[in-house]
Amino acid sequence: MLRQLLRPNWLRECTLAELPLQELLDQPIRALVLDVDRTLLPRRQAELPASALRWLQQARQQVPIHLFSNNPSRQRIGAVAAQLDLPYTISAGKPRRSALRRVLAELNLPHQEVALIGDRLFTDVIAGNRLGLFTVLVKPIDPQGQPCKRDRLQKLELRLANWVGTSLG
């Protein structure tokens, strides 16, 4: 069971800003739920890298987007959401499902047509997989919009997933 929960539908060696949007929407995906910290924003920053901002602006024109964060800071996550006038959830409690269920009820779409994109296996991917969403694991983003060079946490999670027998392609 844990093996399947740790397996994202897509494992990408790129940041969200480099993710091929049209290829994702061809799945078909009709809405996006996006992690914030380290997926959209570098650690401890409140300004979106230009590349992430461009990707979000393009995606927003095509599908509904909901920002979904375990971070409890309404000020930080709300500031990001306000830049693009997006709905958001703080203190989401991933990988628990309750907050994500509320977002899915608002979207009113079949779960498999909603993608959850994040940088963490043990929060983002597990949460999405527990509800049947299309899960995408991306590299954490740095202030220039590039993949973080020293990302020990995601590397550790990938090793642990491999250790429990999860085939990540």
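I take a residue as buried when its relative accessible area is under 20%. The model I am reading is predicted.

**Entry 1: aromatic rings.** I looked up aromatic pairs and found one in the structure. W10 and F134 form this pair edge-to-face, with 5.6 Å from centre to centre and 80° between the planes. The partners come from distant parts of the chain, 124 residues apart: W10 belongs to strand β1 (residues 10–11) and F134 to strand β6 (residues 134–137). I then asked whether F134 is buried or exposed. F134 has a relative accessible area of 12%, so I record it as buried. W10 is likewise entered as buried because its relative accessibility is 10%. I also noted R12, whose charged end sits over the ring of W10, 4.0 Å from the ring centre.

**Entry 2: helix α4.** I listed the buried residues of α4 (residues 74–84) as R76, I77, G78, V80, A81 and L84. Their cover includes helix α3 (50–60) and the strands β3 (65–68) and β4 (88–89). Just after α4, I found D85 with a positive phi of about 55°.

**Entry 3: S51.** I located S51 in helix α3. With a relative accessible area of 18%, S51 is buried. Which residues does S51 contact, leaving aside neighbours within four places in sequence? I found A17, Q144 and G145.

**Entry 4: surface.** I looked up a nonpolar surface patch of about 430 Å², made by L153, L156, L160 and W163. Of these residues I checked L156, which lies in helix α7 (residues 152–163). L156 has a relative accessible area of 39%, so I entered it as partly exposed.

Methods:
Residues are numbered from 1 along each chain as its sequence is written. This is a predicted model: local features need pLDDT of at least 70, side-chain atom pairs count only at pLDDT 80 or more; totals for chains, interfaces and linings use all residues. Side-chain values use heavy atoms; hydrogens and water are left out. Buried means under 20% relative accessible area, exposed over 50%, partly exposed in between (1.4 Å probe, protein chains only). Helices (H or I, at least four residues) and strands (E, at least two) are DSSP runs, numbered from the N terminus. Contact means heavy atoms within 4.5 Å. Patches are made of residues with over 30% relative accessible area and no salt bridge: like charges are joined within 9 Å, nonpolar side chains (Val, Leu, Ile, Met, Phe, Trp, Tyr) within 5 Å. Accessible areas come from the Shrake-Rupley method with a 1.4 Å probe; for residues, only the protein chains shown count as cover. A salt bridge is a side-chain nitrogen of Lys or Arg within 4 Å of a carboxyl oxygen of Asp or Glu. Rings of Phe, Tyr and Trp (its six-membered ring) pair if their centres lie within 6.5 Å; planes under 30 degrees apart count as stacked, over 60 as edge-to-face and the rest as tilted. A charge sits over a ring if NZ of Lys or CZ of Arg is within 6 Å of the ring centre and within 35 degrees of the ring normal.
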